[in-house]
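Let's take a walk through this structure together, one region at a time. Keep the viewer open and follow along.

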Amino acid sequence: MERIEESRLMDPHTRVEGHIVLVSPLTGPVVPLASVPDPVFSEGLFGDGIGVDPLVGRVVAPCDGIVVHLARTGHAVTLQTAEGAQVLVHVGIDTVELNGKGFTPKVAQGAQVRRGDTLIEFDLDVVACNAPSLVSVVAIANSDAFEVIERAGAGHVEAGKSGLLVLRVRDGAVINTAHELVANEVRRSVTLTHAGGLHARPAARAREAVRGIDARVEVRFGERKSAIESVVGLLSLGAGEGAVIELVGIGREAQRAVDAVANELLREAPGEGGEAPARQQSPAPVMQAPATAVALSAEPGVLAGVCAAPGVAVGKLVRWDEAELAPPELASGSSAAESRLLDKAIAAVDAELNQSVRTASQRGAIGEAGIFTMHRVLLEDPTLVDAARDAISLGKSAGYAWREAIRAQIAVLGKVDDPLLAERAADLRDLEKRVLRALGLSNTAARSLPEEAVLAADEFTPSDLATLDRKRVMALVMARGGATSHAAIIARQAGIPAIVALGDALHSVPEGTEVVIDALAGRFAYTPSALDIERARSEKQRQAGVREANRRTSQEAAATRDGHAVEVAANIATLEDANTAVENGADAVGLLRTELLFIHRQAAPTVEEHRQSYQAITDALAGRTAIIRTLDVGADKEVDYLTLPPEPNPALGLRGIRLAQVRPDLLDDQLRGLLAVKPAGKVRILLPMVTDVGELVRLRERIDTFAREAGRTEPIEVGVMIEVPSAALLADQLARHADFLSIGTNDLTQYTLAMDRCQPDLAAQADGLHPAVLRLVAAAVEGANKHGKWVGVCGALAGDPLAVPLLVGLGVTELSVDPVSVPSIKARVRKLDYNDCRQRAQHALALESAQAVRAASRESWPLD
Ligand code: PEP
Ligand code: MG
């Protein structure tokens with residue numbers, strides 16, 4: 001670079017190619033940035049720059065440019081130069097709290113100004129008396145793109161005349177210039193054809209579509225408009241199906257950005273129902289208790305519900321919903337401090353949600369992971385965060401500001417007549433609570449729980465459960481909710497007994513009532529006798545003893561009393577699960593759901609990535625075999641990197657191996673990775689959603705070709721999932737070509753009974769013990785036996801203690817269950833008599849309903 005002495009370089013009249021000279025916007029002594037009495041500036045959080053202690057109440061433009069931001073309170077202004085540098089001039093410290101007092105802006109946002117033009121006038125005395133300091137800052141907001149190469153030394157500078165800073169573009173920086181921003185505007189109208197219009201999922205996708213594109217996009221609908229970054233803003237537009245919206249893009253790549261958004265919005269075909277999975281598993285209290293729930297109990301003093309997490313408990317009823325988190329209205333510290341508290345709380349919640357996404361993904365709960373991902377999107381929504389900051393600038397506490405911002409948005413959503421938006425409101429309420437808790441507010445602290453508390457709520461949200469004092473909380477009971485809700489899943493994992501769908505009658509049970517819960521029976525007794533309580537206590541103790549005993553024998557193989565061996569394997573999704581499976585005594589891995597290893601990625605895994613993941617799991621299994629299922633995406637399982645063609649009914653669409661019809665490359669890479677895992681004999685391949693033998697034969701040929709290409713000489717076992725009725729009925733044909741069959745009762749039940757597995761209202765009816773499903777299990781075993789092949793069950797039914805004797809009796813020889821259920825299922829098998837199971841299983845096939853099968857099983861093989 002050309003060397004120029006400081007005085008020349010700083011001279012605004014000296015033109016050096018690539019340099020931007022800023023004159024001082026204020027008159028007064030220079031203050032080095034490090035000496036500015038506010039760490040947000042002195043630590044450079046607003047960018048590199050310099051301070052001036054003003055002696056005159058006037059801010060002038062330090063350069064030619066466009067006013068890209070003028071604070072509503074008039075205390076700060078940002079100019080953007082033609083080169084794209086963003087220059088912030090902030091007058092005084094904590095002056096946002098003056099709320100405009102003493103400041104008179106002289107320009108409007110968007111104005112084009114020349115160096116030396118007056119931008120703001122301010123009353124020096126008013127500001128000096130009401131703010132901690134008058135020291136003002138000139139900072140380069142996009143310091144990542146521009147570096148300060150010279151700055152004024154100590155001394156006095158004069159507004160509009162003295163050079164203050166010299167900037168230069170950093171090497172390789174990508175910059176949006178003000179001129180391009182203004183010049184390049186693109187508009188496009190889009191008719192929302194998909195069901196539900198501009199809902200959360202398309203809104204979030206549209207937002208993602210422009211990430212990294214150098215342009216801003218605004219969405220307009222009638223009088224309303226929203227930046228594309230704000231999902232909440234987009235939802236509040238209320239643009240439903242058939243609405244015509246306008247996309248306005250500004251910036252260098254405006255056309256690309258507008259097209260990306262339009263494509264994303266047009267991607268969902270009518271009826272795709274893209275919201276559905278999130279809606280069905282939403283933590284929102286939208287699910288009505290089944291009408292039969294309360295009626296089921298004829299016993300006085302007992303409410304009947306649905307088991308969400310098994311166990312027995314005794315405790316005093318505590319109403320959880322009544323305790324609101326109430327932040328103080330006024331801030332105790334400065335606005336800047338309060339703003340920092342909010343930032344910290346939001347960051348903490350974001351980390352917490354990120355963790356929830358990961359654990360949900362590991363468990364296979366992709367729908368749930370999607371909900372937490374959506375919460376993360378809402379958490380960084382500029383509409384919420386800006387509104388909260390505005391309230392903070394008016395002296396409100398961080399908690400109060402956040403709560404008000406959320407509630408204002410909920411009110412806006414409430415005005416849009418759409419039931420789906422009511423669920424987004426529930427998401428917002430959950431975020432309200434999470435952030436308030438991260439700010440240190442708590443409702444448990446305010447009300448000390450009794451030693452043994454049974455918490456009651458309409459429905460718990462995941463964040464409620466995150467803060468529970470687990471030593472004191474004996475059980476959870478909910479008026480609404482479903483067995484697949486988040487609260488249910490979290491309660492199960494935490495081992496807290498829980499009952500959902502008890503109905504509104506729950507709300508009339510007085511606080512402090514001693515209650516007894518038998519979650520497995522869905523029984524909530526609110527007038528228990530002393531004897532009931534005593535019995536429940538000893539039952540609870542007994543159950544704990546049984547769990548411990550099961551754990552002690554879990555590493556041994558399981559066989560029935562008359563010596564019929566049953567392999568108890570584990571369903572896993574991650575390496576961590578593999579370790580848990582080994583610890584819990586799993587004989588093998590009966591199902592590795594591979595889609596979960598790769599859901600949060602921008603691109604499909606490579607052959608080598610597949611190999612590495614499976615190799616690590618195979619190694620962790622220390623000699624046990626692993627059945628690895630090929631990708632089963634689609635329907636309730638979505639992956640980020642796959643844009644599947646829109647389908648009116650994804651559960652009946654391109655899922656499982658059918659995906660290879662449109663993306664053969666994905667399956668090929670996975671098969672190649674799988675075939676490379678060592679030792680060769682420890683891995684088996686399982687193909688999901690096979691419907692007939694042609695599919696299997698084609699895939700087997702493909703596997704053989706890849707094996708030959710890789711020079712592999714050892715054979716690899718290939719199994720077929722039996723999860724659609726056609727596969728069960730054609731099991732004899734499939735078994736001729738397959739090495740084993742594995743029954744996926746989750747899908748087999750869904751497709752046999754035509755009941756969506758994600759629909760909580762149908763949870764009680766979509767029972768795998770339905771005789772129709774059992775007959776298909778029997779058909780699958782019969783078909784496999786014709787060719788001497790074995791049959792396992794890897795759906796949830798395998799882990800249901802009432803189903804175990806029947807599945808064993810029907811000839812299933814492998815049960816693949818949750819890793820933590822392995823000890824109890826092994827113990828269950830050891831108590832059975834195989835011949836007895838066979839006979840009774842045949843009787844079960846003749847029963848007329850799932851309830852009848854359950855009752856018969858309970859009678860023949862009482863639960864522990
Ligand atoms: C099943 O359908 O039962 C099964 C095991 O597969 P998934 O739950 O992953 O669909
Ligand atoms: Mg399945």
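What follows is a tour of a few sheets, a metal site, a helix and some side-chain contacts. Keep in mind that this is a predicted model.

Let's begin with a small sheet. Strands S4, S10 and S8 make up an open sheet, in that order, with antiparallel pairing. S4 (58-60) and S8 sit at the edges with a single partner strand each, so one side of each has no neighbour in the sheet. From one strand to the next, the twist averages 15°. S4 and S10 run antiparallel and are joined by three bridges. If you want a spot to zoom in on, Arg58 stands opposite Glu121 in S10.

Now stay with Glu121 and look towards S8, the strand that holds Thr104. The C-alpha atoms of Thr104 and Glu121 are 5.1 Å apart in space, although the two residues are 17 residues apart in sequence. How exposed is Thr104? It is partly exposed, with a relative accessible area of 40%.

There is also a ring contact to find here. The structure holds three aromatic pairs. One of them is formed by Phe103 and Phe122, with 5.9 Å from centre to centre and 35° between the planes, which makes the pair tilted. Phe103 belongs to strand S8 (residues 103-105) and Phe122 to strand S10 (residues 118-122), so the pair links distant parts of the chain, 19 residues apart. Are these rings' residues buried or exposed? Phe103 is buried, with a relative accessible area of 7%, and Phe122 also counts as buried, at 7% relative accessibility. The cut-off for that label is under 20% relative accessible area.

Next, a second sheet. Here the order is S1-S14-S12, again three strands in an open sheet with antiparallel pairing. The edges are taken by strand S1 (19-23) and strand S12 (146-151); each has a single partner strand, so one side of each is left without a neighbour in the sheet. The twist averages 30° from one strand to the next. Five bridges connect S1 with strand S14 (residues 163-169), in the antiparallel sense. To line the two strands up on screen, find His19, which stands opposite Arg168 in S14.

Further along the chain, look for strand S23 (residues 473-478). What surrounds S23? Six of its six residues are buried, so S23 is largely enclosed by the rest of the structure. Strand S22 (residues 453-457) pairs with S23 in the parallel sense over five bridges, and strand S24 (residues 498-500) pairs with S23, also in the parallel sense, over two bridges. Val477 is a handy marker in S23: Ala456 stands opposite Val477, and Val477 stands opposite Ile499 in S24. As background, strands of a sheet pair through backbone hydrogen bonds, either parallel or antiparallel.

Time for the metal. Which residues are the protein donors of the magnesium ion (ligand 2)? They are Glu723 (OE) and Asp747 (OD), lying 2.0 to 2.1 Å from the ion. Glu723 is in the loop between strand S32 (717-722) and helix H23 (725-729), while Asp747 is in helix H25 (residues 745-753), so the pair ties together parts that are 24 residues apart in sequence. Both Glu723 and Asp747 are buried.

Helix H25 leads on to another stop, since Leu769 lies in the loop between H25 and helix H26 (771-785). Leu769 is buried, with a relative accessible area of 0%. From Leu769 to Thr745 the C-alpha to C-alpha distance is 9.4 Å, and the two are 24 residues apart in sequence.

We'll finish with helix H30 (residues 850-860), where Ala850, Val853 and Ser857 are buried. Why do these residues line one face of the helix? Seen down the axis of H30, the buried residues fall within an arc of 60°, so they line one face. A helix has 3.6 residues a turn in its α form, so residues three or four places apart point the same way. The face of H30 turned away from the buried side carries the exposed residues Gln851 and Glu859.

One last contact to find on screen: Arg840 lies over the face of Trp861, at 5.9 Å from the ring centre.

Methods
Residues numbered from 1 in each chain as written. Chains lettered and ligands numbered in written order. Predicted model: local features only at pLDDT ≥ 70, side-chain atom pairs only at ≥ 80, totals over all residues. Heavy atoms only, no water. Phe/Tyr/Trp six-rings, centres within 6.5 Å; stacked < 30°, edge-to-face > 60°. Helix = DSSP H or I, 4+ residues; strand = E, 2+ residues; numbered from the N terminus. Buried < 20%, exposed > 50% of the residue type's maximum accessible area, 1.4 Å probe, protein only. Lys NZ or Arg CZ within 6 Å of the ring centre and 35° of its normal. Pairing = 2+ DSSP bridges. Axes fitted to C-alpha atoms, helices over the stretch in contact; angles between N-to-C directions. Donors = N, O, S within 2.8 Å, 3.2 Å for Na, K, Ca; no water. Arc of directions from axis to C-beta.
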